[in-house]
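Reader: Hi! I am new to protein structures, and I would like to learn how to read strands and sheets. Could you walk me through an example?

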Amino acid sequence: MNYHHTQRASLCLILYALAVTFLVVAWVLRNDPVPIWVFMAPALLTLFLAPSIHHLTVADQGDHLLVQFGSLPLFRRRVKYEDIESVEIGRTTILDGWGIHWSLRGGWVWNLYGRDCVVLRLRRGTLRVGTDDAEKLARFLESKTEQWG
């Protein structure tokens, strides 16, 4: 059994719009060196990072699960199947939000969009992986934990 799923979201369009707005303001203020960099630096950083949230891919990599934002390998995590103690379908809270961060409930959240997730109880901590394919991912991971457990 193999698993590969990519969830897409258009949230990156908000970042692109913000970056373009900052670039326009920087252009308007181009004759004043301090404000131009106050707007130019965040615009360039945003343009560099925005491709990272085009999609979230979750894929089987043999002995581990790969969770990766975007096509650039800047934000990715590998979870060995042998480290997974249990798997359950869950939901993130409004406070958990989107992105990569520590949850107030404990553990890490890797979520692109929406509130459905698969909760992985690991030997060392908890990982909530946001997905629009929670049932299939949970079934796949349960089969892998039986195999590796």
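Author: Gladly! Let us begin with one pair of strands: in this predicted model, β5 and strand β8 (residues 116-122) run antiparallel and are joined by 7 bridges.

Reader: Which residue in β8 is the bridge partner of Val87?

Author: Val87 has Leu120 as its bridge partner in β8. Try finding these two residues in the picture.

Reader: What is the order of the strands in the open sheet that holds this pair, and how are they paired?

Author: Read across the sheet rather than along the chain. Here 5 strands are arranged as β5-β8-β9-β7-β6, with mixed pairing. The edges are β5 (84-91) and β6 (99-102), each of which pairs on one side only. On average, neighbouring strands in this sheet are turned by 15° against each other, ignoring direction.

Reader: There is also an open sheet of 4 strands; what is its order?

Author: That one reads β1-β2-β3-β4, and its pairing is antiparallel. At its edges sit β1 (4-8) and β4 (75-80), each pairing on one side only. Its neighbouring strands are turned by 10° against each other on average, again with direction ignored.

Reader: How many bridges join β2 to β3?

Author: There are 5 bridges between strand β2 (residues 55-60) and strand β3 (residues 64-69), and the two run antiparallel. As one of the residue pairs, Leu56 is matched with Phe69 in β3.

Reader: Now I would like to look at a single residue. Is Gln68 buried or exposed?

Author: To decide, compare its relative accessibility with a cut-off: buried means under 20%. Gln68, which lies in strand β3, counts as buried because its relative accessibility is 13%.

Reader: Which residues does Gln68 touch?

Author: Leaving out residues up to four places away in sequence, Gln68 touches His55, Leu56, Thr57, Pro73, Phe75 and Arg76. You have already met Leu56, as the bridge partner of Phe69. In addition, a polar atom of the Gln68 side chain lies 3.2 Å from the backbone oxygen of Gly70.

Reader: And which residues does the UniProt annotation "transmembrane region" cover?

Author: According to the unreviewed UniProt entry, that annotation covers residues 12-30 and 36-56. You can then check what the model shows there. Residues 12-30 are 89% helix and 0% strand, with the end C-alpha atoms 26 Å apart. For residues 36-56, the chain is 67% helix and 10% strand, and the end C-alpha atoms are 33 Å apart.

Reader: Thank you, I will go back and trace these on the structure!

Note on methods. Residues are numbered from 1 along each chain as its sequence is written. This is a predicted model: local features need pLDDT of at least 70, side-chain atom pairs count only at pLDDT 80 or more; totals for chains, interfaces and linings use all residues. Side-chain values use heavy atoms; hydrogens and water are left out. Two strands pair if DSSP finds at least two bridges between them. Axes are lines fitted to C-alpha atoms, for helices over the stretch in contact, and angles run from 0 to 180 degrees between N-to-C directions. UniProt positions are given in the numbering used here, feature names are shortened, and annotations may be inferred rather than shown by experiment. Buried means under 20% relative accessible area, exposed over 50%, partly exposed in between (1.4 Å probe, protein chains only). A polar contact is a pair of N or O atoms within 3.5 Å; within protein, one must be able to donate a hydrogen and the other to accept it, and residues adjacent in sequence count only if both atoms are side-chain atoms. Contact means heavy atoms within 4.5 Å.
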